[in-house]
Amino acid sequence: MSQSTVSSMFVPVRFVFIFPFFFILLCFGIAISSLANANPANYNLKHIEPMHWWVGMHNPELQIMVHGEAIAELHPSVNYSGVTIKTVERTTNKNYLFINLHIATNAKPGKLELQFSDKSGVQLRVPYELQKRRADSALRDSFSAKDVIYLITPDRFANGNPANDNHSSMVEVADRTSPIGRHGGDMKGIQNNLDYIARMGFTMIWPTPMIENNQAEYSYHGYSPTNLYQMDPRMGSNEDYKNLVAAARKKGVGFIQDIVLNHIGSGHWWMQDLPAADWLNFQSGFVPTNNQHTTVLDIHAAPEDIKHFTDGWFVESMPDMNQRNPLLARYLIQNTIWWIEYADLSGVREDTYAYSDKEFLARWSRAVLDEYPHLNIVGEEMNSNPHILAYWQKGVVNRDGYVSHLPTLMDFPVVYLMPEVLNAEETASNGLIKLYEMIANDFVYADPMKLMLFPDNHDMSRIYSLLHENLQLLKTSLLFTATTRGIPQFYYGTEVLTKSPLVRNDGLLRADFPGGWAGDKVNGFSAQGLSADQREVQNYLRTLLTWRKSSRAIAEGTLTHYIPENGHYVYFRRYEKGQEQEQVMVVINKNKTASVLDLNRFGRLLQGRNNGVDVISGKKVDLTKPLTLAPLESVAIYF
């Protein structure tokens, strides 16, 4: 008999003698374990979003996302006058609870307590605050054609607080020598230069996202959000942001927040513990978008192609969110409203608009506008086809019955065309005639006056470079942007002739604004060290935008344009209400030599006026004789 056999014969005997002892220990251990699980310290609450809310909102319903270890085992309750829990939703992840509250109209601002209990009693007590809204918050004014928007990439604008260039909780560190690195621009840098922005004539600031982007690299641009309720500490805090917006308001400048609904950054805390099995599109792994915008509207499109456009990821570091999940959809809607209310925003710009689920987009925009009826929202649809843009605008009757609530779109069809038009040799079928024909497409829009127009932005090569550094053509671009229909937007640095490669290079086209960093030899804010050309364009734009503030013809007037002839494209902006009348005549001039424009053709709109005033020079213009123009000189004359 082997040793192993002998040993095995004694195992049951030993087990018989020691089993009662182990059984007692086991039961005791289970009891200890149960007590440990009942201890509130073991329900480790990690996130509660939104962190607070307001009474008196249009929508009385609030969804609170609670994230913590095994939190779904508990049952929430609340005891606060006017606040009731309607439903509690759970997902396949036991670490999440979604609490749906109803906040009655008679609920008062104050601090309530959310209690989380199991059969043995209350295990967690979580304070939650309902705040008072600002007076007339729901009726806040927003941006429109009366405004001029200054687009800023904050990391590249001005470094107001070098102490926050790096942060212990953030992965990427500052490296100003790298075109794709973080350079240190921040909220303080914007706030320090609000006087410059206001003095230039801008009335709205649109910064690219300053939300937390805790990515290993390429995080400066802000479009890889890793916490939708926190500003990036390298930009400043939430409180800093609120103070910045308030400081800008005091100078007559509003803030438009850049919102990302389509995707998050791979460093988002959700990625460590996804709330549900369908929180992301292609949640099992990276599948790239096909970037084919037409699929959403195409009546012949294969469903697979539509899915790969809307559900595909831009890159592996940008997981695509599934807005068809009702919990995520509600989360995103509330997040937008929270920022508007918290920071006192004047509007929203929504990134990569068409890539999100279109039914969600309709629900999102309607919910935001239900809360803020006068708010403007501009969507980014980077496409050169006006029919594709028009599909997304509020008021358009679409063939498929889709009803959008988006008021404003970025006018990429005109924007993409402008460098080609200005650089082209003038012929019967090329040059200004193409611009005329593109503007003539405005009949496809519900409201072309709400389109946002711009010479360039953070996703395009710089306009000065695209125009081969031709100063007169650049002025023409600025003049057209400021005086045609719609809402003008200018990108920081355009006014001081910032350049870029002709082929899009994001890191280089988003160059540092001169003077934004200590030690810069050239300072665009003070004009110290600027070249004569830089000063000329900066003064030109300042004069143009300052005048624009007082022009109702530009802000509210109609547009009448004439077919281009002899290298001149002429249009009129006209405002008439009661006894108040104003007209502006704009001449876009492509002639490379001195030219003469016969004004008899425009007699009906000139209405017998003898004189007008040149917007830039302030000099009187005789309208009874032909207009003489210097080479490539475009003008705006008001009367």
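Student: Tyrosine 562: buried or exposed?
Tutor: This is a predicted model, so local features need pLDDT of at least 70 and side-chain atom pairs pLDDT 80 or more, while totals for chains, interfaces and linings use all residues. Residues are numbered from 1 along each chain as its sequence is written, and side-chain values use heavy atoms, leaving out hydrogens and water. Buried means under 20% relative accessible area, exposed over 50%, and partly exposed in between (1.4 Å probe, protein chains only). Tyrosine 562 has 13%, so its label is buried.

Student: Where does tyrosine 562 sit?
Tutor: Find the two strands β19 and β20 first (strands are DSSP runs of E, at least two residues; helices are runs of H or I, at least four; both are numbered from the N terminus). Tyrosine 562 is in the loop between β19 and β20.

Student: How far is the C-alpha atom of tyrosine 562 from that of tyrosine 436?
Tutor: Tyr436 is in contact with tyrosine 562 (heavy atoms within 4.5 Å), and so are Phe572 and Leu605, among others. The two tyrosines are 126 residues apart along the chain, yet their C-alpha atoms are separated by 8.0 Å.

Student: What is the strand order in the sheet with β19?
Tutor: The sheet is open, with 6 strands in antiparallel pairing (DSSP must find at least two bridges for a pair). Its edge strands are β19 (558-561) and β24 (620-622), each pairing on one side only. Put β19 at one end and the order reads β19-β20-β21-β26-β23-β24.

Student: Which residue in β26 stands opposite aspartate 614?
Tutor: Strands β23 (611-614) and β26 (635-638) run antiparallel and pair over 2 bridges. Look in β26 for the residue opposite aspartate 614: isoleucine 637.

Student: At what angle does α10 run to β20?
Tutor: Helix α10 (432-440) lies across β19, β20 and β21. Those strands are among the elements covering its buried residues, which include Leu432 and Tyr436. With axes fitted to C-alpha atoms (over the stretch in contact for helices) and angles from 0 to 180 degrees between N-to-C directions, α10 makes an angle to β20 of about 35 degrees.

Student: How is α9 oriented relative to α10?
Tutor: Helix α9 (412-423) packs on α10 at about 170 degrees, with the axes 9 Å apart. Angles under 35 degrees count as roughly parallel, over 145 as roughly antiparallel, 65 to 115 as roughly perpendicular and the rest as oblique. That is why α9 is, relative to α10, roughly antiparallel.

Student: How many nonpolar residues does the contact of α9 with α10 have?
Tutor: In α9, Leu417 and Val421 are among those meeting α10 residues, including Leu435 and Ile439. Nonpolar covers Ala, Val, Leu, Ile, Met, Phe, Trp, Tyr, Cys and Pro, charged covers Asp, Glu, Lys and Arg, and the others, Gly among them, are polar. The contact has no polar residues, 2 charged ones, and a nonpolar count of 9.

Student: What does the side chain of glutamine 257 make a polar contact with?
Tutor: Glutamine 257 belongs to strand β13 (254-259) and is buried at 6%. A polar contact is a pair of N or O atoms within 3.5 Å; within protein, one must be able to donate a hydrogen and the other to accept it, and residues adjacent in sequence count only if both atoms are side-chain atoms. At 2.6 Å, the partner is the side chain of tyrosine 241.

Definitions and conventions:
Lists of a residue's contacts leave out its neighbours within four places in sequence.
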